[in-house]
Amino acid sequence: MIGYKTLAVPGPTNMPFEIRQAMDVALEDHRAPDFPEFTKPLLEDVKSIFRTTEGRVFLFPGSGTGGWEAAITNCLSPADTVLTSSFGQFSGLWVEMCSRFRLNVLNYDLDWGEGVPLDLYRRRLEADKHHEIKAVLGCHNETATGVTSDIAGIREILDDLGHPALLFVDGVSSIGSIEFCMDAWGVDVAVAGSQKGFMMPTGMTLIGVSQKAMAACEKALHSSCYFDFRDMAKANDQGYFPYTPPATLMRGLRASIDMMHREGLDNVHARHKHLAEGVRAATRAWGLGNCARRSTLYSDTVTAVVVEPGFDANRIIQAAYHNYGVSLGAGLGKVAGKVFRIGHLGWLNEPMVLQALGGVELAMRDCGVNFTAGSGVGAAIEHYTDRREPLSLAAE
Ligand SMILES: *Cc1c(COP(=O)(O)O)cnc(C)c1O
């Protein structure tokens with residue numbers, strides 16, 4: 001294949017040259033006397049991306065899934081009750097992990113395309129007079145369906161009821177891309193991964209942990225050593241790690257945070273919203289649906305486009321990849337074959353989104369989908385040129 005491959009999956013995302021270059025360094029001694037000069041500011045600055053000053057952020061080797069496990073194994077004990085909801089592949093897998101760790105899981109199994117059910121959560125928490133529920137889980141951005149849920153709304157319920165449960169949030173495909181306020185939303189454990197909004201290679205999970213969650217660690221029966229928050233905190237306080245840290249990835253993280261700071265975190269979020277609206281305009285112009293049930297649930301990092309009933313969405317994904325080198329996200333689990341997903345997060349500007357949308361149009365044509373060529377790309381261009389200043393240039 002001649003030319004660049006187009007990565008339009010919702011993670012891994014496009015890696016900026018600046019981050020690649022920052023990682024092109026010799027391996028370093030993680031016990032060197034001056035290592036803390038690098039790690040201490042890094043651990044401090046990463047907190048700004050989670051919007052926390054009260055909590056701390058730990059960097060563990062692993063991926064987002066490891067972050068889920070860390071949340072469960074540090075703060076809870078077997079047989080503890082957790083309140084959860086599943087409405088897509090990722091929310092569902094975290095709930096399943098809770099069962100595998102022998103927690104008592106109160107789960108709401110919802111239609112895919114829905115989000116965290118605030119009303120049901122409120123009713124269940126209200127009924128929990130003896131505070132049996134130790135943690136409430138929320139998937140902030142369900143990547144399989146392109147649904148963003150209201151995490152602040154969960155906090156409001158907990159506060160209204162004076163319920164002391166911990167709030168665990170999967171922010172793997174939201175943190176660093178769409179607004180996430182760990183302190184303001186009272187999130188106790190927030191899980192992120194390096195290969196999504198952070199624009200880095202896979203291999204690091206970043207976990208925001210509140211003081212309340214750290215206190216819960218003291219009481220919980222730990223079932224993990226590798227992901228132990230207390231071991232990590234103790235070593236981090238000195239600028240070190242309990243075992244060999246992914247120092248090369250940490251060099252990349254330094255560059256990633258610097259890039260987000262330079263653009264301004266609010267601008268990063270605004271850019272994602274702006275780019276996402278173009279993708280949604282394209283989807284409408286094609287006459288196709290959005291897997292998210294309501295516009296208030298639309299995700300600014302990924303759109304799951306619903307194809308005509310009876311048509312296999314995988315045909316479009318295959319054609320896009322084989323004929324044009326464009327990687328689209330496949331439908332997972334219950335929506336396999338029914339949707340294709342366009343990832344629009346990370347290091348991305350308008351032409352890069354148009355490239356993905358153009359690839360989708362070429363592939364849909366190859367598959368005989370009935371739509372007007374250029375309609376989606378055109379609708380996105382209309383949206384992108386409707387504003388005074390191109391965001392991607394303004395950021396430089
Ligand atoms: C990608 C993703 C995960 C899983 O992360 P891995 O890095 O693949 O382990 C979990 N939750 C959400 C919402 C995701 O998008």
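The following legends describe close-up views of a mixed sheet, its packing helices and a histidine in a predicted model.

Local features in this predicted model require pLDDT of at least 70 and side-chain atom pairs pLDDT 80 or more, whereas totals for chains, interfaces and linings use all residues. Residues are numbered from 1 along each chain as its sequence is written, and side-chain values use heavy atoms, without hydrogens and water.

**View 1. An open sheet of 5 strands with mixed pairing.** The strand order is S1-S13-S14-S12-S11. Strands (E, at least two residues) and helices (H or I, at least four) are DSSP runs numbered from the N terminus; two strands pair if DSSP finds at least two bridges between them. S1 (6-8) and S11 (289-290) are the edge strands, each having a single partner, so one side of each lacks a neighbour in the sheet. S1 pairs with S13 (residues 326-330) in the parallel sense over 3 bridges, and Thr6 has Val326 in S13 as its bridge partner.

**View 2. Helices H10 and H11 on the sheet.** Helix H10 (residues 265-286) touches S11, S12 (302-306) and S14 (339-343), contact meaning heavy atoms within 4.5 Å. The direction of H10 makes about 5 degrees with that of S12; axes are lines fitted to C-alpha atoms, for helices over the stretch in contact, with angles from 0 to 180 degrees between N-to-C directions. Helix H11 (residues 313-324) touches S13 and S14, and its direction makes about 160 degrees with that of S13.

**View 3. His272 in helix H10.** His272 has a relative accessible area of 1% and is buried (under 20%, 1.4 Å probe, protein chains only). Beyond four places away in sequence, His272 touches residues including Gly176, Asp300 and His344. The His272 side chain reaches the backbone nitrogen of Gly346 at 2.9 Å.

Terms used. Buried < 20%, exposed > 50% of the residue type's maximum accessible area, 1.4 Å probe, protein only. Polar contact = N/O pair within 3.5 Å; in protein donor to acceptor, adjacent residues only side chain to side chain.
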